[in-house]
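Open the model in your viewer and keep the selection panel at hand. This tour moves from one selection to the next and says what is there.

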Amino acid sequence: MTAKENITMTRLSFIKPAKEKIELLNQKLLPHKMEYVTCRTASDVAKAIKNMVVRGAPAIGITAAYGIYLAACEAHKKNKKPTVEYLKKQKQLLDATRPTAVNLSWATQEMLNTATAFWATEAAKAKDAAAALVAKLYEKAGQIHEDDAERCLKMAQNAVRHLLAGYPKEKYNILTHCNTGSLATGGIGTALGVIRLLQEKGKLNMVYATETRPYLQGARITAWELQREKIPVTLTVDAQAGFLMQKKMVDAVFVGADRVAANGDVANKVGTFTLAVLARAHRIPFFVVAPRSTFDTTLESGDKIVVEERDASEVLEIAGRPIAPKVPVVNFSFDITPHNYITAIFSEEETLE
Ligand code: MRU
């Protein structure tokens, strides 16, 4: 088995697409239960994204693409034409669920472009045009999914090449934040893809996974995902990251992104900015790994990015159990890391330094 096949095959997917439905692994229940949520309509998909049954920027993009497919199925079943106007409304519904991750609106736009192009062809005049569009949209969503897997591999290869050449070491201790693996993307992951490839090459010593309060993506998902694949992982509370760096336990930080502005400022899971400042203070390279679908060149800089705020209950409770008095809560789901704190951004096409 080649390295590519090996790291690709060990991954677990967040989605099982089928005709007229998708099944999403309920990431809210991990690591204790593996249960799937079935979505048959675009509004089922919107609800699953909003409630974080599925999360991670590329994964919600892929899921929303299937949401547009399901919207077309719904119209077709009711003998209605899935027009561009109709699909645009469904896109708005899906895009509004999580405003920071640009992969979401990017993927739904790709689906809309497919529908627009279809209605302009001769095939649109056929009696069964709606069925033909439904099939086309299913194919397109599958393609977005597959492309993301390919992108993950290329990003990992770029990043690993750069790390080994620029920061040579026998083996690396990598700190990562949130969850950026195969449950957050269509492939091996963004930052976690790099970690998988380092492991494959025998260059990984330890992954320090931050818990990632309040939703605990690091503790519940990253630690579980790495343990399943026998990749060495140590869990740390978010607040300990600075001390680990001070004790020289971290050689590099790798994170993903939810939106990259034109000047290279990065929106990613809240806590990322803190890690970047700490890495700078300790002269540790701080790397971002993100596909082109996460780049938003329409926004000049990070201060233009809409940062999602989530419910206070995520902070006041853990797994439904209250842990604090009912005081006001501020719960930004992401923060913005200014580009001057970032050593390099790796995409599938290039390295921005
Ligand atoms: O709130 P989440 O879990 O969707 O946030 C996920 C992240 O912030 C990831 O780091 C990001 O999506 C990029 S990598 C998949």
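## Stops along the chain

Start with Pro-31. This is a predicted model, and Pro-31 is found in the loop between β2 (21–25) and β3 (36–39). Add Leu-30 to the selection. The peptide bond running from Leu-30 to Pro-31 is cis, and its omega is near 5°. Most peptide bonds are trans.

Next, select the loop between β5 (204–210) and α8 (217–228), where Pro-214 is found. Show Arg-213 as well. Between Arg-213 and Pro-214 the peptide bond is cis, with omega near 5°.

Stay in that loop and pick Thr-212. Thr-212 too is placed between β5 and α8. Which sign does the phi of Thr-212 have, given that the residue is not a glycine? The phi of Thr-212 is positive, at about 70°. Most residues other than glycine have a negative phi.

## The ligand site

Now select the ligand and turn on the cavity display. The ligand sits in the largest cavity.

Expand the selection to the surrounding shell. There are 18 residues around the ligand. Those that come nearest are Ala-57, Arg-98, Gln-217, Asn-268 and Lys-269.

Colour the shell by residue class. How many of its residues are nonpolar, polar and charged? The shell divides into seven nonpolar, seven polar and four charged residues.

Switch to colouring by domain. Domain 1 (3–148) and domain 2 (155–352) each give at least three residues to the shell around the ligand. Then colour by secondary structure. Both α3 (57–77) and β9 (266–269) supply at least two residues of this shell.

## Polar contacts

Zoom in on the oxygen atoms of the ligand. Which distances should you label there? Take the contacts one at a time.

- Arg-55: a polar atom of its side chain lies 2.8 Å from a ligand oxygen atom.
- Gly-56: here a polar backbone atom is 2.9 Å from an oxygen atom of the ligand.
- Asn-268: an N or O atom in its side chain is 2.7 Å from an oxygen atom of the ligand.

Finish with a surface calculation. How much of the ligand's area does the protein bury? Taken alone, the ligand exposes 410 Å². The protein buries 100% of that area.

Leave Asn-268 selected for a last look. Asn-268 is among the residues that come nearest to the ligand, and its side chain makes the 2.7 Å approach to a ligand oxygen atom.

How values were computed: Residues are numbered from 1 along each chain as its sequence is written. This is a predicted model: local features need pLDDT of at least 70, side-chain atom pairs count only at pLDDT 80 or more; totals for chains, interfaces and linings use all residues. Side-chain values use heavy atoms; hydrogens and water are left out. A residue is near a molecule or strand if one of its heavy atoms lies within 4 Å of it. A polar contact is a pair of N or O atoms within 3.5 Å; within protein, one must be able to donate a hydrogen and the other to accept it, and residues adjacent in sequence count only if both atoms are side-chain atoms. Accessible areas come from the Shrake-Rupley method with a 1.4 Å probe; for residues, only the protein chains shown count as cover. On a 1 Å grid over the protein atoms alone, a cavity is a set of points where a 1.4 Å probe fits but cannot get out, and a pocket is an open set with protein on both sides within 12 Å along at least five of seven lines; lining residues have an atom within 4 Å of a point. A molecule sits in a cavity or pocket if more than half of its atoms lie within 2 Å of its grid points. Helices (H or I, at least four residues) and strands (E, at least two) are DSSP runs, numbered from the N terminus. Ala, Val, Leu, Ile, Met, Phe, Trp, Tyr, Cys and Pro count as nonpolar, Asp, Glu, Lys and Arg as charged, and the others, Gly among them, as polar. Domain bounds come from an automatic or database domain assignment.
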